Amino acid sequence: MQFLPKVSIHTRFAIYDDVAPDLIAWTTGKSYGQPIGTFSLTLSTRPDAEGLTWFDKLSAQDFVIIRMSLGGGPEETIMNGLIDRVGRTTNVSSESGAVNEVIQVAGSDLTKVLTQGHVWYNPWKDSLSSLVLGKVDLTALLKGLSPAKLLESLLAIVLDDDTNAVVQKVKAGLTGKKRTAIPTAIDLQNNGIKMAEVLKFHSSISDDIFANVVEMTRFQGAIWNMFTKFANKPWNELWVDTGSPANAEDRAGVGGTPSMQKDDKITWVNLRETPFTDELFNSLVLHEISFADIQGPLSVSKGDSDTYTYYFARPVMYVLFTKPEWSDVLIQPKIAGEGAVSPMTRFGFRPLKQEYVYRGKDTESGGEGVSDLGIGLAQGLSEKLFDFFDRNSEFLTTELSLKPNRLTRSAKGQVRLPKIGHRLRIKKNPKGRPDEEYYITGVSHKWTFSGSYSLALRLTRGVVKKTVG
C-alpha cells in the first residue's frame, strides 16, 4: 500500500502548496486528555532559486496542513497546526569532513490558539474584559446561553468571527472607537488562512443540559481551561481534532447526533456527552482488527492506579448562597457498595471529587434557596461518576501498532483512519479468548522518506466481549 504525504505551509509572506520534495520525515501525535496535539517535520536544507532554505522561510505561528493519500485514495487531513519552533542541525564528520544538515520543525495543532490565550481576572471589573477591551458588557451578552452556544461564542470572540451574533453585538458596542475589531482577537495574517474558517466549534449535547450556566465573571487562566470548566467535564467530552470523510458512520449521542464532523479540512472543537454508558459507547464508530493486523507483541494490563470508591459532584456557585443551606445538600456522594466492582473494603477510601457549573438562586436577595433541580442534579452527576469509573480496576489498557497494509476500510473500500473517541475491537485471539473492545485515547502517525508508515494507538477502558455485537 502506498502512503503519499502532502504538507502545505502558509506563512505571512507566501503559500507553499507542497513541501514533499524536501520532506524527509513527519510525525503526529494526539492524546485524549491532553488538549494539544503535536507534529514534527524533518526537511532537507536544499536551497531554493534565491538561495533560501526552509529555515529562512519558516517561522513560529506559520500554518501547517499535513495530509496523506492512503493506498491511492483521496488525500485525508491528518492534522492542521501552527509551528512552535524551527531548528537547524549541522553535523560535520570528524573523519571525512562531510557536512550534513537537516531542518526540524516542531508544532502544535490548533488547540494552541486556546491554550496560549489567557483571561485575566480584574476584581473591579468583569474578567472577560481581557477578551474585549472596551465598554462592552460581555457577560451580559453571554448570559442565558446554553453551554454549547456559550463556548461557541467564546471561540468566535477569540477568532474574531463576524458570522457570530455575539461578535456582531460586541463590534456594535465598539463602533466609534479607534478600531472596531476585537482588540484581543487572534489574527495570524498567514496567506490564504482565516482562523475562523479552519477552527470551528461543534456540539452534540442538548441545549437544555446545564442550561443554568450564566455567570463567568471570576474565571482567569488559559481560555482552554475556561472551555473545559464550562463544558462540565468529565460528564461531557471536549477535544480538538479534524474530521474524517471516510468515517461517515461516526455517530454518538442522543438521537445519533454526529460526534465528529465529516469535513476534514476543518479542525473541530468537539463537545459531546461522555460516551461511557453502554448505549452511547456502542454507538461509537467501530474499527475491527485481528491479531494478524498488529505489529509486534501485544501487552495488555489492568490495575488499580486510577480506581475510586467514593464519588461526589461538587457544584461551583456563581451566585451567593448561605453556606448552611447548600453546602451539604448539594453534595450527594455515591459510595461503592457490596455489589460494586470496587468496594471500599478492598481498595480503601479513594474519593473522586469533580466540580460542575451550576447557578442556583441567591438566598440573600430573597430567592427561594436551593431548588429540587440542584439537589437532583448533584445526585445524578455523582451517580454518573460511579457508572463511568467504578470498573477502572478491571478495564484493560494497551498500546499497539497496526501493520500499514491492515488498516480498516469503509463499506466503499476507502481506508478508515482511527480517531480519538472511536472504539476498536480486537478479534481472533490466537489463544481462543473472546474478543476485546477498547476506547481509543491516543493516535500517532509516522512517515519517513523511504515510504514506510506506521500507525500507533493507545487504548483504554478495554472489556472482554462475551458476544459480538
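Pockets and unusual backbone angles

Guide: In this predicted model, the second largest pocket holds about 380 Å³ of space, and of the 15 residues that line this pocket, Phe276, Asp278, Arg391, Phe395 and Val463 are the closest to its centre.

Visitor: Which elements give two or more residues to the lining of the second largest pocket?

Guide: They are helix 8 (278-281), helix 11 (372-389) and strand 22, and strand 22 gives the most, with four residues.

Visitor: What makes asparagine 232 count as buried?

Guide: Buried means under 20% relative accessible area, and asparagine 232 has a relative accessibility of 0%, so this residue counts as buried. Asparagine 232 lies in the loop between helix 7 and strand 11, and its phi is near 60 degrees, a positive value in a residue other than glycine.

Visitor: Why is lysine 428 called exposed?

Guide: A residue is exposed when its relative accessible area is over 50%, and the value for lysine 428 is 65%, therefore lysine 428 is called exposed. Lysine 428, which sits in the loop between strand 20 (423-427) and strand 21 (435-448), also has a positive phi, of about 55 degrees, although it is not a glycine.

Visitor: What is worth pointing out about a positive phi or a cis bond?

Guide: Most residues other than glycine have a negative phi, and most peptide bonds are trans. The peptide bond from lysine 233 to proline 234, however, is cis, with omega near 5 degrees, and proline 234 is found in the loop between helix 7 (223-230) and strand 11 (236-242).

Definitions and conventions:
Residues are numbered from 1 along each chain as its sequence is written. This is a predicted model: local features need pLDDT of at least 70, side-chain atom pairs count only at pLDDT 80 or more; totals for chains, interfaces and linings use all residues. Side-chain values use heavy atoms; hydrogens and water are left out. Buried means under 20% relative accessible area, exposed over 50%, partly exposed in between (1.4 Å probe, protein chains only). On a 1 Å grid over the protein atoms alone, a cavity is a set of points where a 1.4 Å probe fits but cannot get out, and a pocket is an open set with protein on both sides within 12 Å along at least five of seven lines; lining residues have an atom within 4 Å of a point. Grid points are joined across faces, edges and corners, and a volume is the space filled by probe spheres set on the points.
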